[in-house]
Amino acid sequence: MNTRRSASPDASSTSDETAYRERIERRPLLLEQEGDHSRSSEVTQPDVEALQALIERVGQEGSAFQSVAVAAVQILERALSYEREAADAALSLGQQEKLQSMVNTAEQAVALLRSTLTSQGSGKVIHLCAQGEPPTPADNQPWWFALTDALEVLEEGTGRMTSLTTAQAEGSPACELSRAVAQLLREHHDALLLEADEWIS
């Protein structure tokens, strides 16, 4: 993961914008990176109600499930901070509304996952947060900085959740939960990439 940039509002030079446009143009969709098998599976973003139904169906007990829920909360909360920054830096009201809708979905997912944590799981989140907050986006970043940072964080989070999925027993509650969260992150990443494509065009 690249070191985050502390961009100031006056950093929006033409060369910077061109470099970031080229960087976004080169970034492939995560769904394309994963091959035809992933594309043949469900690709619609799981909404909060679907995530709730999954949690109710698979149950919330077990150390594996709790560990995945803890990791998911951390990853989603980190992604949220960058999604909020991208929404604040949006170039139009319509774009801001789209991004804010993504933020709202992620916030609801975090609240839902936190509600599934036992006292042990909640303690893990508090303990890990106490060890040091992850880097947060700089305030008032230009759109292309905020967008690229959000894409990188979502891509990293998707990779981490996908790794968690493969580490779980197929069909287990922990596996299904990690897969659902990875899918949500992937869809948010690809939605931002489409926004970038429209901006470049």
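The secondary structure of the protein comes to nine helices and zero strands, and, read along the sequence, the elements follow the pattern α-α-α-α-α-α-α-α-α. The model described here is a predicted one. Of the 201 residues of the protein, 47% count as buried. Among the contacts in the protein with a separation of 6 or more, 85% are accounted for by residues 24 or more positions apart.

Helix α4, which spans residues 48-58, has Val48, Leu51, Leu54, Ile55 and Val58 as its buried residues. When the helix is seen down its axis, these buried residues fall within an arc of 120°, so they line one face of α4. The spacing can be understood from the geometry of helices in general, since an α-helix has 3.6 residues a turn, so residues three or four places apart point the same way. The face of α4 that is turned away from the buried side carries Glu49, Glu56 and Arg57, which are exposed. The cover over the buried residues of α4 includes α5, α6 (93-116) and α9 (173-200). After α4 comes Gly59, a residue whose phi is positive, near 90°.

The loop between α4 and α5 also holds Gln60, which counts as partly exposed because its relative accessibility is 29%, a value between the limits of 20% for buried and 50% for exposed residues. Leaving aside neighbours within four places in sequence, Gln60 is in contact with Ile55, Phe65, Gln66, Ser115 and Thr116; of these partners, Ile55 is one of the buried residues of α4. The C-alpha atoms of Gln60 and Thr118 are separated by 8.6 Å, although the two residues are 58 residues apart along the chain.

Two residues of helix α6 were examined in the same manner. Thr105 has its place in α6 and, at 16% relative accessibility, counts as buried, because the limit for a buried residue is under 20%. Between the C-alpha atoms of Thr105 and Asp47 there is a separation of 7.1 Å, while along the chain these residues are 58 residues apart. Met102 likewise lies in helix α6, and its relative accessibility of 11% places Met102 among the buried residues. Not counting residues up to four places away in sequence, Met102 touches Glu83, His188, Ala191 and Leu192. Computed along the sequence rather than through space, Met102 and Arg84 are 18 residues apart, and their C-alpha atoms are 9.1 Å apart in space.

Helix α8 (143-167) contains Leu151, which is buried, with a relative accessible area of 0%. Leu151 and Ala79 are 72 residues apart in sequence, whereas in space they are 9.0 Å apart, C-alpha to C-alpha. Ala79 is also one of the residues that line the largest cavity, which is described next.

The empty space inside the model was then considered. Rolling a probe the size of a water molecule over the atoms shows where empty space is left. The structure holds one cavity of 30 Å³ or more, and about 40 Å³ of space lies in the largest cavity. The lining of this cavity is formed by Ile75, Arg78, Ala79, Val153, Glu156, Gly157 and Arg160. Helices α5 (63-88) and α8 (143-167) each supply at least two residues of that lining, and α8 gives the most, with four residues. Divided by class, the lining has three nonpolar, one polar and three charged residues.

Aromatic rings were treated separately. A pair of aromatic rings is described by the distance of the centres and the angle of the planes. The count comes to one aromatic pair in the model. The rings of Trp144 and Phe145 have their centres 6.2 Å apart and their planes at 40°, so the pair is tilted. Both partners share one further property, in that Trp144 is buried and Phe145 is buried as well.

Key: Residues are numbered from 1 along each chain as its sequence is written. This is a predicted model: local features need pLDDT of at least 70, side-chain atom pairs count only at pLDDT 80 or more; totals for chains, interfaces and linings use all residues. Side-chain values use heavy atoms; hydrogens and water are left out. On a 1 Å grid over the protein atoms alone, a cavity is a set of points where a 1.4 Å probe fits but cannot get out, and a pocket is an open set with protein on both sides within 12 Å along at least five of seven lines; lining residues have an atom within 4 Å of a point. Grid points are joined across faces, edges and corners, and a volume is the space filled by probe spheres set on the points. Ala, Val, Leu, Ile, Met, Phe, Trp, Tyr, Cys and Pro count as nonpolar, Asp, Glu, Lys and Arg as charged, and the others, Gly among them, as polar. Rings of Phe, Tyr and Trp (its six-membered ring) pair if their centres lie within 6.5 Å; planes under 30 degrees apart count as stacked, over 60 as edge-to-face and the rest as tilted. Buried means under 20% relative accessible area, exposed over 50%, partly exposed in between (1.4 Å probe, protein chains only). The arc is that of the directions from the helix axis to the C-beta atoms. Contact means heavy atoms within 4.5 Å.
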